[in-house]
Amino acid sequence: DLKKKDKETEITSIEEVESQLICKNINISLIPSDNQKLWLMEALVKNNSWILFEKLYGSLNSFFDLNSHLPLLNTILNYLEWLIEPVYRPISPTRFTKKPVTLVNFPIHNSNLELQQIHQLDLEGITKIARVCKIVGPAIGKNVLVYTKLCRLFRHYLDHPSTENHNAIYEVLVYICTQILLPAISLVKSNPGVIANLWNIIQDFDFSIRIQAYEEWFTFFIYSNSTLLLEGFNTIKQATPWFKTVTADTVKQKGRILGNLSHNNPGLVFKLANQIIKNYSNLIEPIVNALSYCSNLSMDVIIFLTLRDLSNAPYEDKAKTQLVQEGTIHDIHANFATFLGHFLRKYYTVDLTSIFSFLMNRIFQNQYLDLVILKEIISKMSGSESIEVLNQNQLQALAGGINLQIEGASIANDFKK
């Protein structure tokens, strides 16, 4: 009875999500999965008539979701794998094995209606990849093998860039990674290896490109079709109880659960975490300790969400005066400062460029309340703390060495050599 009740609750919730999709004009498949036009498009791809398929797909893509017709989706993904096979084979880990890798072959007609296989990752080759990936979209996350091959191929190009048309190739590569591969993470079933392959690419991008990609991922792509939205709904449904039950005693057992939940939709999970950090300062340290099981991509997303919440804080003169008197802004900034201090001290390998750029821009805008965050970061990461009022013993301690100065400042327990 209990299982039946839970199933009925889940179905009702999904129906509510689908009704919200219809109200927001989000793409829901209006063409049945057995429609002959879908099978015709699948046959065109199998026959390597890609140009004809593109024309037919362009007239129907607004009426159906590619995730609703898996045979067509799998055929396009096999076609993409076949396209990149010649250029991927020299860097494949299986190139040393005697057993050849079996792929789905597509006919070659030497006509203008087909795409030729890619033998070199030049501008023409990466443009072909972008044409196929643009049609597949985030649904590429359902095929981990093709996803991983693309990540390895792009990482190899960044290690050995081309001398011709490098800027144009780099722009297309950034487009594929930020607009297609990154949102596709939401459909990958908790696979840290796939996320690590993607992070190996986007970690070399400028922080402004990454921030813009995260913003589009969490505000647009998640709501772009029903499949991604339902995945996000299930993630929130599983993550909400975690933050209600986490304590300092259970953080080791529950840390792995948080890591698994954050692999697919880190933006949704850590948005809940920021709400907890704003209101409950006693849970900051347990949450920071639980993040040790999260990926590097999740760490970068945490920084982005924290900076976004800080930038959305009210700074109007009247509201600022009122809220500072009530302690609201002070509590929010104090909690975020404490969180960033503990977070950056424990996970010091994260990129700090975005944080310091944000803080410097805020100071240039005469918003000095963020100096609390800068002070906390410096004191936690360096192990030194500035003391405004010194007694006689502390003044004498400052005349000694570093160890005596630390003892005089009474922060020896927090200092790591």
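These legends describe close-up views of a predicted model.

**View 1. The whole chain is built from helices, with no strands.**
The secondary structure comes to 20 helices and 0 strands. The chain has 417 residues, and 46% of them count as buried. Take the contacts between residues with a separation of 6 or more: 75% of these join residues 24 or more positions apart.

**View 2. The largest nonpolar core holds 111 residues.**
Ile129 and Ile140 have the most contacts inside this core. Helix α4, residues 70–88, gives the core its largest share, 11 residues. Ile140 touches Leu77 and Leu80. Ile140 also touches Cys133, Val146, Tyr147 and Leu150. Further along the chain, Ile180, Leu181 and Ala184 are in contact with Ile140 too. This list leaves out residues up to four places away from Ile140 in sequence.

**View 3. Helix α7 turns a set of buried residues towards other helices.**
Among the buried residues of α7 are Ile169, Val172, Leu173 and Val174. Ile176, Cys177 and Thr178 are buried as well. So are Ile180 and Leu181, both of which touch Ile140. The buried residues of α7 pack against α5, α6, α8 and α9. In residue numbers, α6 spans 144–159 and α8 spans 192–202.

**View 4. Asn165 sits in the loop between α6 and α7.**
Asn165 has a relative accessibility of 47% and counts as partly exposed. Asn165 and Leu123 are 42 residues apart along the chain. Their C-alpha atoms are separated by 6.7 Å.

**View 5. Trp82 and Phe106 form a tilted ring pair.**
The structure holds 15 aromatic pairs, and this view shows one of them, Trp82 with Phe106. The two ring centres are 5.6 Å apart and the planes meet at 55°, so the pair is tilted. The pair links distant parts of the chain. Trp82 belongs to helix α4. Phe106 lies in the loop between α4 and α5, 24 residues from Trp82. Both Trp82 and Phe106 are buried. Which residues do ring pairs link into a cluster with Trp82 and Phe106? They are Trp50, Phe53, Tyr57 and Tyr79.

**View 6. Phe343 and Tyr347 form another tilted pair.**
The ring centres of Phe343 and Tyr347 are 5.4 Å apart, with the planes at 50°, so this pair is tilted. Phe343 is buried. Tyr347 is buried too.

**View 7. Leu340 is a buried residue of helix α16.**
Helix α16 runs over residues 328–346. Leu340 has a relative accessible area of 1%. Leu340 touches Ile303 and Thr306. Ile373 and Ile377 are also in contact with Leu340. Residues up to four places away in sequence are not counted here. Lys380 is 40 residues from Leu340 along the chain, and their C-alpha atoms are separated by 9.1 Å.

**View 8. The largest pocket has a volume of about 520 Å³.**
The pocket is lined by 22 residues. Closest to its centre are Tyr57, Lys134, Ile135, Gly137 and Pro138. Tyr57 is also part of the ring cluster. The elements giving two or more residues to the lining are α5 and α7. Of these, α7 covers residues 166–181. The largest share, 4 residues, comes from α5. What classes of residue make up the lining of the largest pocket? There are 12 nonpolar, 8 polar and 2 charged residues.

**View 9. The largest cavity has a volume of about 50 Å³.**
The count comes to 3 cavities of 30 Å³ or more. Which residues line the largest cavity? Phe207, Arg210, Ile211 and Tyr214 are among them. Asp300, Ile303, Phe304 and Leu307 also line the cavity, together with Ser354. Helices α9 (207–219) and α14 (296–311) each supply at least two lining residues. By class, the lining divides into 6 nonpolar, 1 polar and 2 charged residues. Ile303 appears in this lining and is also a contact of Leu340.

Conventions:
Residues numbered from 1 in each chain as written. Predicted model: local features only at pLDDT ≥ 70, side-chain atom pairs only at ≥ 80, totals over all residues. Heavy atoms only, no water. Core = buried A, V, L, I, M, F, W, Y, C linked by side-chain atoms within 4.5 Å. Buried < 20%, exposed > 50% of the residue type's maximum accessible area, 1.4 Å probe, protein only. Contact = heavy atoms within 4.5 Å. 1 Å grid on protein atoms, 1.4 Å probe; cavity = no way out; pocket = protein on both sides within 12 Å on 5 of 7 lines; lining within 4 Å. Points joined across faces, edges and corners; volume = space filled by probe spheres on them. Nonpolar A, V, L, I, M, F, W, Y, C, P; charged D, E, K, R; others polar. Phe/Tyr/Trp six-rings, centres within 6.5 Å; stacked < 30°, edge-to-face > 60°.
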